[in-house]
Amino acid sequence: MRNVNALRWQGQAGHYEVYYLTATEPRSGVGIWIRYTMLAPLQSTGEPATCALWFAAMDPNGHSTVARKVSFAIDRMRASSDPFELRIDDAVLSDERMTGEVEDVVWDLSWTPAQRAYEHVHPALARLGVAKTVLVLPHADLSINGSVTIAGERLELSATPGAQAHLWGSQHAGSWVWVHCNDLHTVDGERVPDSFVDGVSVMVPRLGREIGPSTPVVGRLHGSDFISTSPTRVLANHSTFALTGWRFEAFDGKRKVVGEVDSYRNQIVGVTYHDPDGEPAYCYNSETATLRLHVHERARQVGGWRLRETFVAHGRAHFEYGQRSPVPDLELLVT
């Protein structure tokens with residue numbers, strides 16, 4: 001079986017690809033977001049293919065954010081699939097390590113690879129090529145060790161919860177949100193083992209109008225997989241979202257989860273993405289968001305649900321909001 005981290009690009013125009021890692025260091029509360037990317041524009045743009053390294057961090061205590069990006073010609077990117085390894089300039093990403101440097105930021109992180117991957121796009125839709133972007137989680141529930149140094153300040157990571165994801169496609173959505181958290185706690189403050197949630201909700205342009213939201217959600221709850229990705233389910237899952245919040249419902253058999261995400265405007269990093277056709281999309285990311293996840297199970301009465309438990313993650317959730325126009329009065333740190 002092909003490694004889900006393997007590079008999908010085979011030299012064709014009209015393709016973009018992203019690898020990212022998210023983590024929030026629990027003692028300091030500092031959230032980090034690292035991306036290794038490539039973009040092969042359509043020939044009509046006249047632009048060459050490029051690759052890039054991105055880094056962002058947010059400190060809720062100092063109310064500060066930083067963002068860095070450096071781009072290279074595509075010949076500075078090299079990849080192998082067995083074992084998986086991606087190199088951009090001197091930076092390296094594998095299934096168990098990530099090292100790199102951008103300006104005054106250096107990272108050296110490692111983890112034990114996950115035993116299985118999670119996919120948001122149902123295999124039936126993937127075969128039809130309906131999705132303009134495909135998202136997979138090669139490593140959804142990591143315990144990360146290492147360090148990140150930002151302008152001389154060193155942040156140590158020891159068993160820090162986080163995740164590594166891989167996505168590729170030909171076009172970003174018209175608008176979207178995403179959340180990930182694998183640092184869930186009970187309302188009494190006890191860590192919930194072997195549990196995470198990762199969901200997206202997208203509005204996509206079709207025939208002159210936006211269709212959606214489509215809302216796939218995957219996760220594990222106390223070691224039991226939660227998969228809500230069937231074609232009918234993603235359209236039926238309820239979702240309402242905005243710049244600093246998202247409420248969603250997702251169903252898997254006899255279980256339902258209700259998620260409530262809140263982020264904070266002063267802890268958002270705004271960046272600009274570009275589609276292969278040259279059109280921009282504007283992303284607003286927070287690695288210090290708060291998530292409340294209510295887990296329900298089907299009750300005996302017809303159509304009834306019973307709240308089983310509530311998980312919380314105060315400042316430990318990773319959240320992203322995107323749209324096709326920039327948000328007024330919110331600085332884009334990477335353009």
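**Placement of V187 and overall fold**

V187 is located in the loop that connects strand β14 (185-186) to strand β15 (196-206). In this predicted model, V187 has a relative accessibility of 62% and therefore counts as exposed, since the term applies to values over 50%. Apart from neighbours within four places in sequence, V187 is in contact with T310 and V312. The contact with T310 links distant parts of the sequence: V187 and T310 are separated by 123 residues along the chain, yet their C-alpha atoms are 6.7 Å apart in space.

The chain as a whole contains two helices and 25 strands. Its radius of gyration is 19 Å, close to the 20 Å given by the globule rule for 335 residues, so the chain is as compact as a globular protein of that length. Along the principal axes, the C-alpha trace spans about 60 × 50 × 45 Å. Of the contacts between residues at least 6 apart in sequence, 61% join residues at least 24 apart.

In the interior, buried residues account for 54% of the 335 residues. The largest nonpolar core comprises 35 residues, and those with the most contacts inside this core are I32, Y36, F55, W107, L109 and V148. Strand β2 (residues 31-40) contributes the largest share of the core, namely five residues.

At the surface, the chain exposes about 14800 Å², of which carbon and sulfur atoms supply 50%. The chain carries 31 positive and 39 negative charges, and the mean positions of the two sets are 8 Å apart.

Notes
Residues are numbered from 1 along each chain as its sequence is written. This is a predicted model: local features need pLDDT of at least 70, side-chain atom pairs count only at pLDDT 80 or more; totals for chains, interfaces and linings use all residues. Side-chain values use heavy atoms; hydrogens and water are left out. A nonpolar core is a set of buried Ala, Val, Leu, Ile, Met, Phe, Trp, Tyr and Cys residues joined through side-chain atoms within 4.5 Å. Buried means under 20% relative accessible area, exposed over 50%, partly exposed in between (1.4 Å probe, protein chains only). Helices (H or I, at least four residues) and strands (E, at least two) are DSSP runs, numbered from the N terminus. Contact means heavy atoms within 4.5 Å. The radius of gyration is taken over C-alpha atoms; the globule rule is 2.2 Å times the number of residues to the power 0.38. Accessible areas come from the Shrake-Rupley method with a 1.4 Å probe; for residues, only the protein chains shown count as cover. Lys and Arg count as positive and Asp and Glu as negative; His and the chain ends are not counted. The place of a charge is taken as NZ of Lys, CZ of Arg, CG of Asp or CD of Glu.
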